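Please take the following chain as a case for reading charged side chains in their structural setting. The walk begins on one helix and then widens to the chain as a whole.

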Amino acid sequence: MIDKLENIILHFEELEQQMLDPALINNQNKYKEVTREHRRLVPVIHKSKNYISIFKQIEEGESILKGEDEDLKKIVKDEIEGLKDDVVRIEEELKILLLPHDPNDDKNIILEIRAGTGGDEAALFASDLYRLYSRFAERNKWQYQVMESSSIGIGGYKELIMSINGEGAYGALKFESGVHRVQRVPKTETSGRVHTSAATVAVLPEAEEADVQIVDAELKIDTYRASGAGGQHVNKTESAIRITHLPSGLVVTCQDETSQHKNKAAALKVLRSRLLAAEQEQLAKERAAARKDMVSTGDRSAKIRTYNFPQGRITDHRINFTAYNLDGVMDGDIGQLIENLILADQQLKLSEVS
């Protein structure tokens, strides 16, 4: 362990030297990559140096125990017991910090919300989920933008696609993919009966051009007039874009931007992210099949969570986690949920490497 930690510290120091190199600063992509890795390693380095320091204190103490000074040996023996407990604790923390890092965790995301079973109530719940994630983005000082939406006119959405830009956005929200079920009395229900509806969420790491190569010849691009609210320009010009990726059959539309050029760029961003996600989803499903993964980003058809409004309860079925702060959750306070999901995933990965 000591050798491994010393090598990590050496690598960290090399990164610090690279960050001072003017040539690296001029290469923004490489500079971003180096600074991101440097930032990720900061907590690892802090605990590593602490671990090494305590380990050396134990070694020095054990050498004293081999001596002849009985009074000093008694003092050192008590100290060593406490230090050994610290080493065990820090080693467990380091095991988690040293788990293989998913490079997608640092990426921005494309988040897609679609109304499922439940008619208008499902569309209203999709709108509630949009507010939940937008409020969570605001809490983290991340930027978000609606890229495409299809509303039902009473405040709900049949579909909504948004981008969220922020450091670690995918790492925080990647376990949100799946079916979200709601149990409540719909606004349109006059008899006061509780209905069950659902919406699906898909969280995609935003793909860069280097991640996915798209050939123009494989694209069919159509333009049309946008529909719905948006002002004279949006509705009177053919600014809306529909892109069909012929090899995969994926279709992406975008009309929320004011120009055809912006809509095309946004649609390509979504298409690129969907292609990357499809590839990663297949790999995730293969891994999940092999290890019966409880917390997975690979199966978007699985019912992952229930929002029970009459009881003010939210339950994540993958980790059997239940809380009674539904109002806070619907206002974007999902930090506790995310922490428990990440912890469950970390424990699973630790069990695989141990």
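Glu81 lies in helix H4, which covers residues 70-97, where helices are DSSP runs of H or I with at least four residues and strands are runs of E with at least two, both numbered from the N terminus. This is a predicted model, in which local features need pLDDT of at least 70 and side-chain atom pairs count only at pLDDT 80 or more, while totals for chains, interfaces and linings use all residues. Residues are numbered from 1 along each chain as its sequence is written, and side-chain values use heavy atoms, with hydrogens and water left out.

With a relative accessible area of 44%, Glu81 is partly exposed; buried means under 20%, exposed over 50%, and partly exposed in between, for a 1.4 Å probe and protein chains only. Together with Asp78, Glu79 and Asp85, Glu81 forms a patch of negative charge on the surface. Such patches are made of residues with over 30% relative accessible area and no salt bridge, like charges being joined within 9 Å and nonpolar side chains (Val, Leu, Ile, Met, Phe, Trp, Tyr) within 5 Å.

Helix H4 also holds Glu93, which pairs with Lys47 of helix H3 (residues 28-65) across 46 residues. In this salt bridge the closest N and O atoms are 2.8 Å apart, the criterion being a side-chain nitrogen of Lys or Arg within 4 Å of a carboxyl oxygen of Asp or Glu. Lys47 is partly exposed at 26% relative accessible area, and the value for Glu93 is 26%.

A second bridge, between Arg274 and Glu112, has an N to O distance of 2.7 Å. Because Arg274 lies in helix H8 (residues 260-291) and Glu112 in strand S1 (residues 109-115), the pair ties together parts that are 162 residues apart in sequence. Both of these residues are buried.

A third bridge joins Asp331 to Arg139, with the closest N and O atoms 3.3 Å apart. Asp331 sits in the loop between helix H9 (326-330) and helix H10 (335-353), whereas Arg139 belongs to helix H5 (residues 119-139), 192 residues away. Asp331 is partly exposed at 22%, as is Arg139 at 40%, and both take part in a salt-bridge network with Arg131, Arg135 and Glu138.

Across the whole structure, a search finds 24 salt bridges. The secondary structure of the chain comes to 10 helices and 11 strands, and buried residues make up 42% of its 354 residues.

Notes:
Areas by Shrake-Rupley, 256 points an atom, 1.4 Å probe, with all protein chains shown as cover. Lys, Arg positive; Asp, Glu negative; His and termini not counted. Charge placed at Lys NZ, Arg CZ, Asp CG, Glu CD.
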